[in-house]
Amino acid sequence: MFSPDRKKQKDQSTMEATTQQNIIAQGTKIVGDIASQGPFRIDGTIEGNVKTSGKIVVGKSGYIKGTLQGENADFEGKFSGKLILSGTLSLKSTAHIEGEVHINKLAVEPGATFNATCSMKGTVKSLSNEAVKAQPIQAESVQSK
């Protein structure tokens with residue numbers, strides 16, 4: 001009844017539940033906020049805030065309107081709002097992104113629409129003013145005889 005095997009079994013099922021992918025199917029519309037530890041596959045519509053530590057995949061029919069926070073995201077569908085990722089945003093050729101984007105890395109396939117203000121985290125190397133100053137160009141005049 002209280003054997004250690006049952007406890008191990010319960011721990012394993014809890015661990016498996018957090019690694020399973022959450023799916024919002026095509027034709028499903030959710031209005032509200034979603035928070036999860038696991039990855040997401042979105043083929044439906046979400047109007048609200050999505051926060052996850054897992055990967056987000058938005059299929060061709062997927063649409064998110066609101067705020068999306070996560071680690072990495074792959075988009076084939078549409079997004080409108082504020083997108084905050086600690087990792088990479090990958091845009092497939094059918095992706096359509098509008099709004100404000102804060103990411104670490106960006107990968108864009110030809111054909112994707114990216115109409116957003118984008119801020120990329122990472123190291124920024126500043127240029128010294130000395131190297132930027134333009135040197136005056138001296139023109140030589142040529143006289144014809």
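Let's start at Asn-22, which you'll find in strand E1, a short run covering residues 22-24. Keep in mind as you look around that this is a predicted model. At 28% relative accessibility, Asn-22 counts as partly exposed, because that value falls between the 20% limit for buried and the 50% limit for exposed. Its side chain makes a polar contact with the side chain of Ser-36, at 3.0 Å. Setting aside residues up to four places away in sequence, Asn-22 touches Ser-36, Gly-38, Pro-39, Phe-40 and Arg-41. You can also check a spacing here: the C-alpha atoms of Asn-22 and Gln-37 are 9.8 Å apart, with their positions 15 residues apart along the chain.

Now hop over to that partner, Ser-36. Ser-36 belongs to strand E3, residues 34-36. Besides meeting Asn-22, the side chain of Ser-36 reaches the backbone nitrogen of Gly-38 at 3.1 Å. Leaving out neighbours within four places in sequence, Ser-36 is in contact with Asn-22, Lys-51, Thr-52 and Ser-53. One of those contacts is also a strand pairing: in E5, the bridge partner of Ser-36 is Thr-52. More broadly, E3 and E5 pair in the parallel sense over three bridges.

Strand E5 is worth a pause, as several threads come together there. Strand E2 (residues 29-31) pairs with E5 too, again parallel and over three bridges. In that pairing, Val-31 stands opposite Glu-47 in E5. E5 also pairs with E7 in the parallel sense, this time over seven bridges.

What does a residue on E5 look like up close? Try Lys-51, whose place is in that strand. Lys-51 has a relative accessible area of 51%, so it is exposed. Apart from residues up to four places away in sequence, Lys-51 touches Ile-34, Ala-35, Ser-36 and Gln-69. Gln-69 is the bridge partner of Lys-51 in E7. For another spacing, look at the C-alpha atoms of Lys-51 and Gly-38: they are separated by 10.0 Å, and the two residues are 13 apart along the chain.

From E7 you can carry on to the next partner. Eight bridges join E7 to E9, and these two strands run parallel. Here Gly-66 stands opposite Gly-81 in E9.

So much for the strand pairing; on to the interior. As a bit of background, nonpolar side chains in soluble globular proteins tend to be buried together. In this model, the largest nonpolar core has 21 residues, of which Ile-42, Leu-68, Phe-75, Leu-83 and Leu-89 touch the most other members. Many strands feed this core: E4 (40-42), E5 (45-52), E6 (56-58), E7 (63-70), E8, E9 (78-85), E10 (88-91) and E11 (96-103) each supply at least two of its residues.

Phe-75 makes a good place to look inside. Leaving aside neighbours within four places in sequence, Phe-75 is in contact with Val-58, Leu-68, Leu-83, Leu-89, Ser-90, Leu-91, Lys-92, Ala-95 and Ile-97. It also takes part in an aromatic pair, and the count of such pairs comes to one. How are the rings of Phe-75 and Phe-79 arranged? Their centres are 5.9 Å apart and their planes meet at 70°, so the pair is edge-to-face. Both Phe-75 and Phe-79 are buried.

Right beside Phe-75 in the numbering is Asp-74, which sits in strand E8 (residues 73-75). Is Asp-74 buried or exposed? With a relative accessible area of 17%, Asp-74 is buried, because it falls under the 20% limit. The side chain of Asp-74 makes a polar contact with the side chain of Ser-90, at 3.4 Å. Not counting residues up to four places away in sequence, Asp-74 touches Lys-55, Ile-56, Val-57, Val-58 and Ser-90.

Finally, step back and take in the whole chain. It has two helices and 13 strands. Buried residues make up 26% of its 145 residues. Among contacts between residues at least 6 apart in sequence, 2% join residues at least 24 apart. The chain exposes about 10300 Å², and carbon and sulfur atoms supply 50% of that area.

Note on methods: Residues numbered from 1 in each chain as written. Predicted model: local features only at pLDDT ≥ 70, side-chain atom pairs only at ≥ 80, totals over all residues. Heavy atoms only, no water. Helix = DSSP H or I, 4+ residues; strand = E, 2+ residues; numbered from the N terminus. Buried < 20%, exposed > 50% of the residue type's maximum accessible area, 1.4 Å probe, protein only. Polar contact = N/O pair within 3.5 Å; in protein donor to acceptor, adjacent residues only side chain to side chain. Contact = heavy atoms within 4.5 Å. Core = buried A, V, L, I, M, F, W, Y, C linked by side-chain atoms within 4.5 Å. Phe/Tyr/Trp six-rings, centres within 6.5 Å; stacked < 30°, edge-to-face > 60°. Pairing = 2+ DSSP bridges. Areas by Shrake-Rupley, 256 points an atom, 1.4 Å probe, with all protein chains shown as cover.
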